[in-house]
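Visitor: I'd love a close look at one part of this structure, with the reasoning spelled out as you go. Could you start there and then connect it to its surroundings?

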Amino acid sequence: MSTETRVRTATLNRDTNETKIQLSLNLDGGALQSVTDQSNGSDDKTHAAQQSKSQQISVDTGIGFLDHMLHALAKHGGWSLHLRTRGDLHIDDHHTAEDTFIALGQAFKSALQTTAGLARFGYAYCPLDEALSRAVVDLSNRPYSVINLGTTREKIGDLSCEMLPHCLQSFAQGAGVTMHVDCIRGDNDHHRAESAFKALAVALRMATTPVVGREGEVPSTKGVLF
């Protein structure tokens with residue numbers, strides 16, 4: 001099947017003693033596969049939800065700022081995403097944030113299936129007011145990340161700032177990608193983080209774009225990546 005006609009979707013249910021995650025992802029936007037929702041729906045939130053002609057986005061992790069970053073990642077990556085996480089927030093935010101991005105990375109890798117015919121590399125600069133971030137990614141199947149967001153606050157909303165780079169590292173590990181994400185400048189930590197997630201989204205969208213004329217070709221001198 002060619003990269004142009006391949007449906008790049010994945011669903012995932014991840015259930016541990018620390019978190020319960022239901023996730024559906026479509027890397028090209030549009031319709032989502034159904035996902036088993038084990039909740040009763042009584043505490044669902046809609047502040048990180050958006051429906052358009054090309055995308056369906058609904059994110060609820062129980063951590064508002066984390067939802068905001070995931071919403072930005074999906075929106076600017078061109079994804080449709082349904083994501084619901086229920087974790088042990090009575091302990092802290094670590095397990096919920098970490099497991100969410102591990103699951104997202106795994107779903108990304110599953111949906112991508114192969115790098116054949118794709119650009120493989122992607123990069124982007126994204127500003128948000130005074131903040132400017134850069135992201136460079138490689139669909140290498142070599143999970144590695146270098147993250148420098150330069151935040152100084154302890155928390156943004158209910159999310160510990162130390163979890164921001166850890167979330168991106170967890171995504172890289174699950175997705176099997178190499179990522180360098182840096183906030184180059186910025187005075188406001190909210191702006192620094194959001195510009196970084198937007199830059200990553202645009203870089204991933206570039207890297208996963210099919211290249212006309214290279215259908216079925218693996219973009220590597222080794223002849224194999226995924």
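**Charged pairs and what surrounds them**

Guide: Lys 20 has a relative accessibility of 39%, so this residue counts as partly exposed. Please keep in mind that this is a predicted model. The partner of Lys 20 is Asp 15, and their side chains meet in a salt bridge with 2.9 Å from N to O. Asp 15 is partly exposed as well, because its relative accessible area is 47%, and a residue must be over 50% to be called exposed.

How many salt bridges are there in total? With a nitrogen-to-oxygen limit of 4 Å, the count comes to seven.

Let's go on to another of these pairs. Asp 60 forms a salt bridge with Arg 86, and their closest N and O atoms are 2.7 Å apart. This pair links distant parts of the chain: Asp 60 belongs to strand S4 (residues 56–60) and Arg 86 to strand S5 (residues 80–87), with the two positions 26 residues apart in the numbering. Is Asp 60 buried or exposed? With a relative accessible area of 5%, Asp 60 is buried, since the cut-off for burial is under 20%.

Arg 120 and Asp 138 give us a further example, with side chains that meet in a salt bridge at 2.6 Å, N to O. Arg 120 sits in the loop between helix H2 (94–112) and S6, while Asp 138 is in strand S7, so the pair ties together parts that are 18 residues apart in sequence. Arg 120 has 13% relative accessibility and therefore counts as buried. Asp 138 has 13% too, and so also counts as buried.

Now look at the loops on either side of S7. Asp 129 is in the loop between S6 and strand S7 (131–138). Its phi is near 55°, which is positive although the residue is not a glycine. Most residues other than glycine have a negative phi. Asp 129 is exposed, because its relative accessible area is 64%. Past S7, Asn 141 is found in the loop leading to strand S8 (144–148). Asn 141 is another residue other than glycine with a positive phi, here near 60°. With a relative accessible area of 29%, Asn 141 is partly exposed.

S6 also takes us to the surface. Tyr 123 is part of S6, which covers residues 121–128. Its relative accessible area is 53%, so Tyr 123 is exposed. Together with Val 136 and Met 206, Tyr 123 forms a nonpolar surface patch with about 280 Å² of accessible area in total.

What about nonpolar side chains inside? In soluble globular proteins, such side chains tend to be buried together. Here the largest nonpolar core has 57 residues, and those with the most contacts inside it are Leu 23, Trp 79, Phe 108, Phe 171 and Met 179. Helix H4 (residues 189–207) gives the most to this core, with nine residues. Trp 79 is worth displaying with its surroundings: beyond its neighbours within four places in sequence, its contacts include Leu 25, Ile 57, Leu 73, Leu 104, Phe 108, Phe 171 and Leu 204. Polar residues are among its contacts too, including Asn 26 and Gln 55.

Another spot to visit is Met 163, in helix H3 (residues 163–175). At 2% relative accessibility, Met 163 counts as buried. Leaving aside neighbours within four places in sequence, Met 163 is in contact with Asp 93, His 94, Ala 97 and Glu 98. Met 163 and His 95 are 68 residues apart in sequence, with 9.9 Å between their C-alpha atoms.

Finally, a word on the cysteines, in case you are thinking about disulfides. A search of the whole structure finds zero. Why is Cys 161 not bonded to Cys 167? The sulfur of Cys 161 is 11 Å from that of Cys 167, its closest cysteine sulfur, and this is too far for a bond; the limit used is 2.5 Å. Seen from the other side, Cys 167 is in no disulfide, with the sulfur of Cys 161 as its nearest cysteine sulfur. Cys 161 is buried because its relative accessibility is 4%, and Cys 167 is buried because its value is 1%.

Conventions. Residues are numbered from 1 along each chain as its sequence is written. This is a predicted model: local features need pLDDT of at least 70, side-chain atom pairs count only at pLDDT 80 or more; totals for chains, interfaces and linings use all residues. Side-chain values use heavy atoms; hydrogens and water are left out. Patches are made of residues with over 30% relative accessible area and no salt bridge: like charges are joined within 9 Å, nonpolar side chains (Val, Leu, Ile, Met, Phe, Trp, Tyr) within 5 Å. Accessible areas come from the Shrake-Rupley method with a 1.4 Å probe; for residues, only the protein chains shown count as cover. Helices (H or I, at least four residues) and strands (E, at least two) are DSSP runs, numbered from the N terminus. Buried means under 20% relative accessible area, exposed over 50%, partly exposed in between (1.4 Å probe, protein chains only). A nonpolar core is a set of buried Ala, Val, Leu, Ile, Met, Phe, Trp, Tyr and Cys residues joined through side-chain atoms within 4.5 Å. Contact means heavy atoms within 4.5 Å.
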